[in-house]
Amino acid sequence: MRRTGAKKQPSYRVVVAESTSPRDGTFLEILGHYNPLTEPTTFEIKEDRVREWLKNGAQPTDRVARLLSSRGIIAAPTYVATAASASA
C-alpha cells in the first residue's frame, strides 16, 4: 500500500511493487485504493488485475490480504503463533 492524502488524513493506493522498494517508492501498477477514514471504509480494487498478479506469484502484505479476503478474492490469512509471541 502506498500512502497518500494530507497530514493526519491518510488514504492508500493498493499497488504492485517489488519487495525491496520502500513504502512510497516505485511501483509497477495501481490496483485500487483504500480509505479507512470514511464510514464505512472505502475499498475499491480491480479484481481481475489482482487475480492476474496473484497467479503470477505476487505476495500481498498482511493488511492487503485481509482486505482481499473480506472481498472473497483470496482465502483468509492464517496466523501461526511463534515461540516469541507464545511466551509473551
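This is a short walk through a predicted model, one selection at a time.

**Start with the whole chain**

Show everything as a cartoon. You should find 3 helices and 4 strands in the protein chain. Follow the chain along its sequence and the pattern reads β-β-β-β-α-α-α. If you'd like a feel for scale, the C-alpha trace spans about 40 × 35 × 30 Å along its principal axes. Switch on a surface for a moment: the accessible surface comes to about 6300 Å², and 52% of that belongs to carbon and sulfur atoms. Of the 88 residues in the chain, 22% are buried.

**Select the strands**

Now hide the helices and look at the sheet. The 4 strands make an open sheet in the order β1-β2-β3-β4, with antiparallel pairing. At the edges sit β1 (2-6) and β4 (42-45), each of which pairs on one side only. Turn the view and look along the strands: on average, neighbours in this sheet are turned by 25° against each other, direction ignored.

Zoom in on residues 2-6 and then on β2, residues 9-16. These two strands run antiparallel and are joined by 5 bridges. Pick threonine 4, and you'll see serine 11 of β2 standing opposite.

**Two loops to visit**

Go to lysine 8, in the loop between β1 and β2. What is its phi? For lysine 8 phi is near 65°, a positive value in a residue other than glycine. Is lysine 8 buried or exposed? Its relative accessible area is 72%, over the 50% cut-off, so lysine 8 counts as exposed.

Next, jump to the loop between β3 and β4, where you'll find proline 40. Show the backbone atoms here. The peptide bond from glutamate 39 to proline 40 is cis, and its omega is near -5°.

**Bring back the helices**

Select residues 47-55 to light up helix α1, which lies across β2, β3 (29-35) and β4. Helix α1 runs at about 120° to β3. Then select residues 62-71 for helix α2, which also lies across β2, β3 and β4. Here the angle to look for is the one with β4, about 85°.

**Pick out the aromatic rings**

Show side chains for Tyr12, Tyr34 and Phe43, which form one aromatic cluster. The count of aromatic pairs comes to 2. One of them joins tyrosine 34 and phenylalanine 43 edge-to-face, with 6.2 Å centre to centre and 75° between the planes. How accessible is tyrosine 34? Its relative accessibility is 7%, so tyrosine 34 counts as buried. Phenylalanine 43 is at 7% too, and therefore it also counts as buried.

**Finish in the core**

For the last big selection, take Val14, Val16, Leu31, Tyr34, Phe43, Ile45, Val50, Val64, Leu67, Leu68 and Ile73: these 11 residues are the largest nonpolar core. Colour them by element of structure, and you'll see that β2, β3, β4 and α2 each give two or more residues. Which element gives the largest share of this core? That's α2, with 3 residues.

Now centre on leucine 68. Leaving aside neighbours within four places in sequence, leucine 68 is in contact with Phe43, Ile45, Val50, Pro60, Ile73 and Ile74.

Zoom back out to the full chain for one last look. Among the contacts with a separation of 6 or more, 26% are between residues 24 or more positions apart.

Definitions and conventions:
Residues numbered from 1 in each chain as written. Predicted model: local features only at pLDDT ≥ 70, side-chain atom pairs only at ≥ 80, totals over all residues. Heavy atoms only, no water. Pairing = 2+ DSSP bridges. Axes fitted to C-alpha atoms, helices over the stretch in contact; angles between N-to-C directions. Contact = heavy atoms within 4.5 Å. Buried < 20%, exposed > 50% of the residue type's maximum accessible area, 1.4 Å probe, protein only. Phe/Tyr/Trp six-rings, centres within 6.5 Å; stacked < 30°, edge-to-face > 60°. Core = buried A, V, L, I, M, F, W, Y, C linked by side-chain atoms within 4.5 Å. Areas by Shrake-Rupley, 256 points an atom, 1.4 Å probe, with all protein chains shown as cover.
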